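Please open the structure in a viewer and keep the sequence panel visible beside it. The tour proceeds by selection, one stop after another.

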Amino acid sequence: MRNEDSSVQATFNSIARRYDLMNRLMTLNSHARWCKEVAKAATTRPGHSYLDLATGTGVIARAIRAERPSGAIIGADFSESMLDVARQIEDNSGIEWQFADAHELPFEDNAFDAVTHGYLLRNVSNLEQVLNEQFRVLKPGGVVAALESSPPRGILAPFIRTGMKIVIPTLGTLIGRDRPAYQYLVDSTLGFLTPQALRIKFEEAGFQNIKVKSKFMGTNMIWTARKPG
């Protein structure tokens, strides 16, 4: 594992216990609804096998189960602390929790009908490799659906950036009890690719029918793309 990946892993291990609460606060209680949208996008076509990467506490994985109660769902993460929290939440039926690094997925080619993830791409050291791995494990015609942060754009962007730099680390101090971790989340969002640049990365990995929906004044995006076949 690369040094930068180890640092990110340590960050998410440290915030696992308060991760869901902080997501609710930072998105004004919109996070769970967005995760449901991701799950719906992943299950629009018939399918049985689903992989939720960067599953965290399993919010998207459980939303997939609500859409596909008989589906085989794997919730994978490289933070053992996140997986521990996910396993402790009641009603885990139909979901297998598994440690996995998104750069080198331990799954066969063409294994899943859909791959989902939330806030994964801004946190990886090799974005191209991560998207290539998702393309590899998807069945032909399979879908990737993702919730991802995005640097703010437009006339309000300077105000949103300033607000993020103040509000999120403050919440991280008072509630998350880890200011550096939440300062990292701000920095990784503001320094991430624009939607136009990320679209190119999806295209270069081989995906087609790439679509994006803007959420929360453009600071969050729901992406969908399809593997040809």
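The stops below move from a strand pair to the enclosed spaces, and then to individual residues. The model is a predicted one.

**Stop 1: a strand pair and its crossover**

Select residues 72-77, strand β2, together with residues 95-99, strand β3. These two strands run parallel to each other and are paired through five bridges. At D77, look across to β3, where the bridge partner is F99. Now add residues 80-88, helix α5, through which the chain passes on its way from β2 to β3. The resulting β-α-β crossover is right-handed.

Keep α5 selected and display its side chains. Which residues of α5 are buried? They are M82, L83, V85 and A86. These residues lie on the same side of α5 because they cover an arc of only 160 degrees around the axis.

**Stop 2: the largest cavity**

Turn next to the enclosed spaces. Two cavities of 30 Å³ or more are counted in the model. The largest cavity holds about 390 Å³ of space. To find it, select A54, T55, D77, G118 and Y119, which lie nearest its centre among the 30 lining residues. D77 is thus met again here, having appeared at the first stop as the bridge partner of F99. Elements contributing two or more residues to this lining are α1 (3-15), α2, α3 (31-42), β1, α4 and β2. Colour α1 separately: the largest share of the lining, three residues, comes from this helix.

Stay with A54 for a moment. This residue belongs to the loop between β1 (49-53) and α4 (59-67). A54 is not a glycine, yet its phi is positive, at about 50 degrees. Most residues other than glycine have a negative phi. A54 has a relative accessible area of 25%, so it counts as partly exposed.

**Stop 3: strand β4 and H117**

Select H117, which is located in strand β4 (residues 112-118). Is H117 buried or exposed? Its relative accessibility is 0%, so H117 counts as buried. Beyond its neighbours within four places in sequence, H117 is in contact with D52, L53, I60, Q134, V144, A145, A146 and L147. For a distance check, draw a line from the C-alpha atom of H117 to that of A16: the separation is 16 Å, with their positions 101 residues apart along the chain.

**Stop 4: the largest pocket**

The largest pocket contains about 430 Å³ of space. Centre the view on M26, M164, I168, F216 and T219, which lie nearest the centre of this pocket among its 22 lining residues. Two or more lining residues come from each of α2 (19-26), α7 and α8 (179-190). Of the elements, α7 gives the most, with six residues.

Follow M26 back into α2, where the buried residues are Y19, M22, N23 and M26. Viewed down the axis of α2, the buried residues fall within an arc of 100 degrees, so they line one face of the helix. Just past this helix, select L28, which has a positive phi near 50 degrees.

**Stop 5: S150 and M217**

Select S150 in the loop between β5 (138-149) and α7 (157-174). S150 has 2% relative accessibility and therefore counts as buried. Setting aside residues up to four places away in sequence, S150 touches T189, L193, P195, G218, T219, N220 and M221. T219 also appeared at the previous stop, among the residues nearest the centre of the largest pocket.

Move from there to M217, in the loop between β6 (208-215) and β7 (220-226). M217 is another residue that is not a glycine and has a positive phi, here about 60 degrees. Its relative accessibility is 54%, so M217 counts as exposed.

**Stop 6: after β7**

Finish at P228, in the segment after β7. With a relative accessible area of 33%, P228 is partly exposed. Which residues does P228 contact, leaving aside its neighbours within four places in sequence? They are F135, P140, G141, G206 and Q208. Then mark G142: its C-alpha atom is 7.7 Å from that of P228, although the two residues are 86 residues apart along the chain.

Conventions. Residues are numbered from 1 along each chain as its sequence is written. This is a predicted model: local features need pLDDT of at least 70, side-chain atom pairs count only at pLDDT 80 or more; totals for chains, interfaces and linings use all residues. Side-chain values use heavy atoms; hydrogens and water are left out. Two strands pair if DSSP finds at least two bridges between them. Helices (H or I, at least four residues) and strands (E, at least two) are DSSP runs, numbered from the N terminus. A crossover is right-handed if, with the strands pointing away from the viewer, the path from the first strand over the helix to the second runs clockwise. Buried means under 20% relative accessible area, exposed over 50%, partly exposed in between (1.4 Å probe, protein chains only). Contact means heavy atoms within 4.5 Å. The arc is that of the directions from the helix axis to the C-beta atoms. On a 1 Å grid over the protein atoms alone, a cavity is a set of points where a 1.4 Å probe fits but cannot get out, and a pocket is an open set with protein on both sides within 12 Å along at least five of seven lines; lining residues have an atom within 4 Å of a point. Grid points are joined across faces, edges and corners, and a volume is the space filled by probe spheres set on the points.
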